[in-house]
Amino acid sequence: MISSDVIRGYTDIIILYLLLDEPSYGYEISRRITDRSQGLYTMKETTLYSAFNRLEKNGYLRSFAGTETGGKTRTYYELTPQGHTHYQLKKEEWMVTKKVVDQFIK
Amino acid sequence: MDAIFSYLDNMFAHLPKTEEVKRAKSELGQMMEDKYNQLRAEGRSDNEAVGQVISEFGNLSELAAELGISNQYQQASSDDNFVTVSDAEAESFIEKTKKSARLIAGGITSVLFGVISVIFFSGYAEGLFNPAVLLDGEPNKRFVAAGIALLFICVAFAVYLFVMVGIGSEKYEIFEKKMVKLEPHQKFVIQEARENHRPLLMRKISLGVVLILLGVAALSVVSILNENNEALILSAVCGLLVVIAISMWLFISGSMLQSAYDKLLNEGDYTLERRKSQSVMQRWAPPYWTLMVVGYLAWSFITGAWHKTWIVWPIAGVLFGLISAIVQASTPNKE
């Protein structure tokens, strides 16, 4: 289990990645984070919501009420064009960060 | 499932009802409901699902900036009469309390066992059970000595256990004196734990009371019907002490855990006013009991009547209860 402190700077990139191809809603994103990280990281609900809120305020996400096949109304989030750009920037930032940190790992 | 929504209501209870707060609450509720349903679909029990959802919820202070409520969080943490506590601290405090309860109950059992042996052996030395032990019609001092030696060994072991209680408890002393400021999710979790523990506590207390009453009844019946059979009466006294030891385990393990929850929640005996009267009794208890022990030992050694002096303990216990009740009643309660 990764502590939330370690991964804090990367919650944005995780959420943006999961929205690259299609819009999604809170719980589905949360579940896909746990699944993709093979259970090593579960994002807390408050962390997730706080990120949605922040990303939306910055114009990287847009939210709309959508209905799932089951019929439940949920708040869906989708990436805006700025969001796509932001993802690319964050991706390059991580590449560099990874490269730097790797220099100190043996 | 209802537990999740009452949890959420609880968390948001003291926040201003702005649009942003309402939206956050409904979004968080949606995510929690979805997660709960998913866990149930995977075959988890209601309790397990609720537990996991709540433990993975996070902390509202993370949303403070977004929701414009950051000043509330700062205000709470800068109040001098309050201490804050992390989830891990609260958990380890509860664990330490359980451990302390075992140590204290063990120590008391040990002392009672010492008292039992001293009563039994002094009675035995008097030839109550077997007249053949008498030496020229006098009590056999060797058995008295054996009983006293056992008492001291048991008391020494009890002291060791009581010292162990103190180790590692310093960091929790603050919960005795100060009010605890809990995050809403902590309050919820601890309240749940306390409610879940309550039925067990009630069972422990009633079982303990029934046991003691039975022991007292047995002793009364035996001493009325067999007024002259000292051996039987002495056995009944020892039986009563065994029963008291068992009841002490039940009382102490139950009530210490309960008061640990109360301390964290500032309820029961740990409201602001009660904390003050509590600390009066805490100051007086050690000298009081030390005095009783000294009195008991002095009386017993001077008279040598170990099989009679035990009467000090029930009287001392009742007296202590009485004094506590008076102190508590005379402390103004502003509730």
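Me: How many residues of chain A are in contact with chain B, and how many of chain B take part?

Reply: Contacts between chains are found by pairing up residues whose C-beta atoms lie within 7 Å. In this predicted model, 15 residues of chain A are in contact with 17 residues of chain B.

Me: Which elements of chain A give two or more residues to the side that touches chain B?

Reply: Those elements are helix 3 (26–36), helix 4 (45–57) and strand 3 (73–79) of chain A. Helix 4 of chain A gives the largest share, with seven residues.

Me: How do the residues on that side of chain A divide into nonpolar, polar and charged?

Reply: Eight are polar, five are charged and two are nonpolar.

Me: Now the chain itself, please. What is the order of the elements of chain A from the N terminus on?

Reply: You can read it as α-α-β-α-α-β-β-α. That string holds five helices and three strands.

Me: In what order do the three strands of chain A stand in the sheet?

Reply: Order in a sheet is read from which strand pairs with which, and two strands pair if there are at least two bridges between them. Here the sheet is open, with the order 1-3-2 and antiparallel pairing. Strand 1 and strand 2 of chain A are the edge strands, each pairing on one side only.

Me: How many bridges join strand 3 of chain A to strand 1, and how many to strand 2?

Reply: Strand 1 (residues 24–25) of chain A is joined to strand 3 by two bridges. Strand 2 (residues 61–67) of chain A pairs with strand 3 over seven bridges.

Me: Which residues could I look for to see this pairing, starting with the one opposite Tyr25(A)?

Reply: Find Tyr76(A) in strand 3, which stands opposite Tyr25(A). Phe64(A) also stands opposite Tyr76(A). Then look at Ser24(A), whose partner in strand 3 is Tyr77(A).

Me: What span does helix 5 of chain A reach, and what is expected?

Reply: A helix span is taken from the first C-alpha to the last and set against 1.5 Å a residue. Helix 5 (residues 81–102) of chain A has 22 residues and reaches 32 Å, close to the expected 32 Å.

Me: How many residues of helix 5 of chain A are buried?

Reply: A residue counts as buried if 20 or more other C-beta atoms lie within 10 Å of its own. In helix 5 of chain A the count is two among 22 residues, so the helix is hardly covered. Across the 106 residues of chain A, 26% count as buried.

Key. Residues are numbered from 1 along each chain as its sequence is written. Chains are lettered from A and ligands numbered from 1 in the order in which they are written. This is a predicted model: local features need pLDDT of at least 70, side-chain atom pairs count only at pLDDT 80 or more; totals for chains, interfaces and linings use all residues. Helices (H or I, at least four residues) and strands (E, at least two) are DSSP runs, numbered from the N terminus. A residue is buried if 20 or more other C-beta atoms lie within 10 Å of its own, exposed if 12 or fewer, and partly exposed in between; C-beta atoms are placed from the backbone. Two residues are in contact if their C-beta atoms, placed from the backbone, lie within 7 Å. Ala, Val, Leu, Ile, Met, Phe, Trp, Tyr, Cys and Pro count as nonpolar, Asp, Glu, Lys and Arg as charged, and the others, Gly among them, as polar. The expected span of a helix is 1.5 Å times one less than its number of residues.
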